[in-house]
Amino acid sequence: MNPVVVAEDVAKHYGETIALDGASLSIDAGEVFALIGPNGAGKTTLVRALTGTVSPDSGSVSVLGASPADVDASRLGVLPQSFSPPDRLSARELLAYYASLYPESRDPDTVLAEVGLEDSAETWYENLSGGQQRRACVGSTLLNDPDVLVLDEPTTGIDPAGRRTIHRLIEDLAAAGTTVLLTTHDMAEAERLADRVGLLADGTVLDVGSPAALVDRHAGSDRLVVEQAETGIDTDAPSTTADDLLATARETLPNRIERDRSHLIVHDVDPTDIGSVADDLSAAGIGYTGLRWTEPGLEAVYYALADAETGSEPDGRDSVAGEASATSNPPVSDAGGGRP
Ligand SMILES: Nc1ncnc2c1ncn2[C@@H]1O[C@H](COP(=O)(O)OP(=O)(O)OP(=O)(O)O)[C@@H](O)[C@H]1O
C-alpha cells in the first residue's frame, strides 16, 4: 500500500482546549476515507493540520510524501469547513477565478455541471442558496483535477438530490484514482462513500476500518426492536408484572433479550425468524405496538465508540441500515393487561 495522507500522533491545543491528543491515520492512494466524530472531536483541526493551516504542537503530518507547506498545490484540492469566496462573482466567474490560479485547469462549465449548478452559472455567489453555495465551493476544489481531495463536511446544507450529485461525483473521482479524505456527520454518507472510516473522539482516532468491519467490531447483532406503548415495560418505572413477563420471555427465547427504556431488544434475529420470535413473545405474554428489525450500521458504531469515550450511557438508539417493521398486539401494561 502507498499512504498519501499520513498523520502520526498529532497533538494540538488551543489554550486549555486539547483539540488533538495523539491522532493518527494513514490513507492509501485511491482510497476514500471518512472521518467521523462528535462536534468538537477535532476533525477540522486534523484536516487543517493535514492541509497546512494549523501547525501541530507535536507529531507529524504528510500529504503526497511532503509536509503540507511543500505539497504541490496543483495536486491538492481542499474544501474548508468555512469558506467565504467573494460574493459579487457569479458561480461561473468564481470557478473561472479558481481555474486561473493553476497553470493547467479544467473547464469551469464542466465543473459547474458536475456539481449541478449549470442553471445558476450567472447567479452571484451571494444570491445562491446555502446548498448551492456549498456546491460551488466543492466545485472550486476540482478545477486543478487534484490527486488528493480533502473535503471538510462537503454536503452540509445540501438537499438530498444535491447530496446524491456530490456522492456520485466523489464516487467517480475515486474510481478515477483520486484519494479523498472527507469529514461528515452523515453516517449514511460515510457508509456509502468510504472505503475506510476513522472515528475521532476527544482528539484521538479510536478505531479505523471499513464500515462493515467497524460494524462487526462495535455495533453488535441484527436485532428485533419490540416497541411498546408508554404503559409497557419501562426501565424508569419497573413493575413486577413486566419483570415476570420478561423473565418468562428469557426462558422461552434462545436469543438474548433486554429492556431498553420503552422497548425490548431481541438480539441475533435473522429476518426470516421475525415471525417465530413474535410468536414466542406472544406466548410469553409480551405485548407490543410494533416490531422493527434493524441491522446495525455506522451510526451504532458511532454511538458505541463515542459513548464509551465520553462515558455516556448508551440509550438504545438503533442504526437503521436495513429495517423491516410490523405492528401487532397490544402492549404489556403494569397491571398485566394486554396479553394476547
Ligand atoms: N482556532 C481555535 N481556537 C480555539 N479553539 C479551537 C479553535 N479551533 C478549534 N478549537 C477547539 O478545538 C476543539 C476541536 O475543534 P474542531 O473544530 O477540530 O472539532 P470538529 O470535530 O471539527 O467539530 P465539528 O464537528 O463541530 O465541526 C473544539 O473544542 C474547538 O472549540
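Biologist: Which residues of helix 1 are buried, and what makes a residue count as such?

Modeller: They are Lys 43, Thr 45, Leu 46, Val 47, Arg 48, Ala 49 and Leu 50. A residue is called buried because 20 or more other C-beta atoms, placed from the backbone, lie within 10 Å of its own (12 or fewer make it exposed, values in between partly exposed). Seven of the eight residues of helix 1 meet that limit, and the helix is mostly covered. This is a predicted model, in which local features need pLDDT of at least 70 and side-chain atom pairs count only at pLDDT 80 or more, while totals for chains, interfaces and linings use all residues. Residue numbers start from 1 along each chain as its sequence is written.

Biologist: What makes helix 1 a helix?

Modeller: A helix is a DSSP run of H or I with at least four residues, a strand a run of E with at least two, and both are numbered from the N terminus. Helix 1 has eight residues, so it satisfies the minimum of four. Just after it, Gly 52 has a positive phi of about 85 degrees.

Biologist: How do you know that strand 1 and strand 4 pair?

Modeller: Pairing requires at least two bridges found by DSSP. Strand 1 (residues 3–14) and strand 4 share five bridges in the antiparallel sense, so the condition is met. Within this pair, Ala 7 lies opposite Val 61 of strand 4.

Biologist: Why are strand 2 and strand 4 placed at the edges of the sheet?

Modeller: The open sheet has three strands in the order 2-1-4, paired antiparallel. Strand 2 (17–28) and strand 4 (58–63) each have a single partner strand, so one side of each lacks a neighbour in the sheet.

Biologist: Which residues surround the ligand, and what makes them its shell?

Modeller: A residue belongs there if its C-beta atom, placed from the backbone, lies within 6 Å of the molecule. Among those around the ligand are Tyr 14, Asn 39, Lys 43 and Gln 81. Strand 2 and helix 1 are the elements giving two or more residues, and helix 1 gives the most, with three.

Biologist: How do you know what confidence the predictor has in this chain?

Modeller: The value is pLDDT, the predictor's confidence in each residue, from 0 to 100. The chain has a mean of 85, with 86% of its residues at 70 or more. Over residues 314–322, however, the pLDDT is below 50, as it is over residues 328–340. Where pLDDT is low, predicted coordinates should not be read in detail.

Note on methods
Contact = placed C-beta atoms within 7 Å.
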